[in-house]
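I opened a new structure today and kept notes as I went. Here is what I looked up, entry by entry.

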Amino acid sequence: MSRIGKLPVAIPAGVKIDVSGTTVKVEGPKGKLEKTFNSAVVIAVEDDQIKVSPADATRFANAMYGTARSIISNMVQGVVEGFSKDLEISGVGFQANLKGKVLNLKLGYSHDCNYDIPEGVTITVDGNTKVKVSGIDKHMVGQAAASIKKFAPIEPYKGKGVRIVGEHVIRKEGKSV
């Protein structure tokens, strides 16, 4: 049984929750989110708390209700505070520029890499080497940061590429003479 799934999700002031079947709609100061979950979970609102429980005693239902509770918790946190990830670009001549709804990256290739910014995600560039990805949906923010990083992941010898701030990269020594 899930330990996380047993914990109720507190509903802060200013957040509206609408549960109809397995569809959860969350509306707060930063925006609206909607998600439909598997029918293996039962979602109920009781006394300013959201409680998630398995619909039956199957192994799949036990696995899904902890996941559903975490996603609902992230939805509530997203509409109240929002999520963000910071990226750092390192390398000679490596830079990022914002052109409307497209992030233009110069990462040492013969061509520029362009990333179309998805709906619901905001990207800001600070000083050509620092990129901030923010939004209310944790999954979308993480996916956008991973997609940008995928253009040029950190290489282990010189440390050039795109890195998520706080990420640890194991460096290699290189050739010894």
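Before anything else, a working definition: I call two residues in contact when they have heavy atoms within 4.5 Å of each other. I also keep in mind that this is a predicted model.

**Entry 1: what helix α3 packs against**

With that cut-off I checked the buried residues of α3. They pack against β7 (83-90), β9, β10, β11 (121-126), β12 (130-135) and β13 (161-164). Which residues of α3 are buried? I found Val141, Ala144, Ala145, Ile148 and Lys149. Looking down the axis of α3, I see these buried residues fall within an arc of 130°, so they line one face of the helix. That fits a rule I jotted down: an α-helix has 3.6 residues a turn, so residues three or four places apart point the same way. On the face of α3 turned away from the buried side, I noted His139 and Lys150 as exposed.

**Entry 2: the length and direction of α3**

I then checked the span of the helix. The 14 residues of α3 should cover 20 Å at 1.5 Å a residue, and the end C-alpha atoms are 21 Å apart, which agrees. Helix α3 takes in residues 138-151 and lies across β9 and β10. Its angle to β10 is about 170°.

**Entry 3: the sheet with β9 and β10**

Next I looked up the sheet that holds these two strands. It is an open sheet of 3 strands in the order β8-β9-β10, and the pairing is antiparallel. Which strands sit at the edges? They are β8 (95-99) and β10 (113-116), each pairing on one side only. From one strand to the next I get an average twist of 25°.

I zoomed in on one pair. Strand β9 covers residues 102-106 and makes 4 bridges with β10, in the antiparallel sense. One residue I traced across was Asn104, whose bridge partner in β10 is Asn114.

**Entry 4: Asp112, in the loop**

Asp112 caught my eye in the loop between β9 and β10. Is Asp112 buried, exposed or partly exposed? It has 37% relative accessibility, so I put it down as partly exposed. Leaving out residues up to four places away in sequence, Asp112 touches Asn104, Leu105 and Lys106. I also took one long distance: Asp112 and Gly78 are 34 residues apart in sequence, and their C-alpha atoms are 32 Å apart in space.

**Entry 5: salt bridges**

How many salt bridges are there in the whole structure? My search gave 3.

Lys149 turned up again here, in a salt bridge with Glu167 whose closest N and O atoms are 2.4 Å apart. This pair links distant parts of the chain, with Lys149 in helix α3 and Glu167 in the segment after β13, 18 residues apart. Lys149 is on my buried list, while Glu167 counts as partly exposed at 27% relative accessibility.

Another salt bridge joins the side chains of Lys130 and Glu88, at 3.6 Å from N to O. Here too distant parts of the chain are linked: Lys130 is in strand β12 and Glu88 in strand β7, 42 residues apart. I have Lys130 as partly exposed at 42% relative accessibility, and Glu88 as partly exposed at 30%.

Last, the side chains of Glu46 and Lys51 meet in a salt bridge, again 3.6 Å from N to O. Glu46 is partly exposed at 37% relative accessibility, and Lys51 is partly exposed at 37% too.

Notes. Residues are numbered from 1 along each chain as its sequence is written. This is a predicted model: local features need pLDDT of at least 70, side-chain atom pairs count only at pLDDT 80 or more; totals for chains, interfaces and linings use all residues. Side-chain values use heavy atoms; hydrogens and water are left out. Two strands pair if DSSP finds at least two bridges between them. Axes are lines fitted to C-alpha atoms, for helices over the stretch in contact, and angles run from 0 to 180 degrees between N-to-C directions. The expected span of a helix is 1.5 Å times one less than its number of residues. Buried means under 20% relative accessible area, exposed over 50%, partly exposed in between (1.4 Å probe, protein chains only). The arc is that of the directions from the helix axis to the C-beta atoms. A salt bridge is a side-chain nitrogen of Lys or Arg within 4 Å of a carboxyl oxygen of Asp or Glu.
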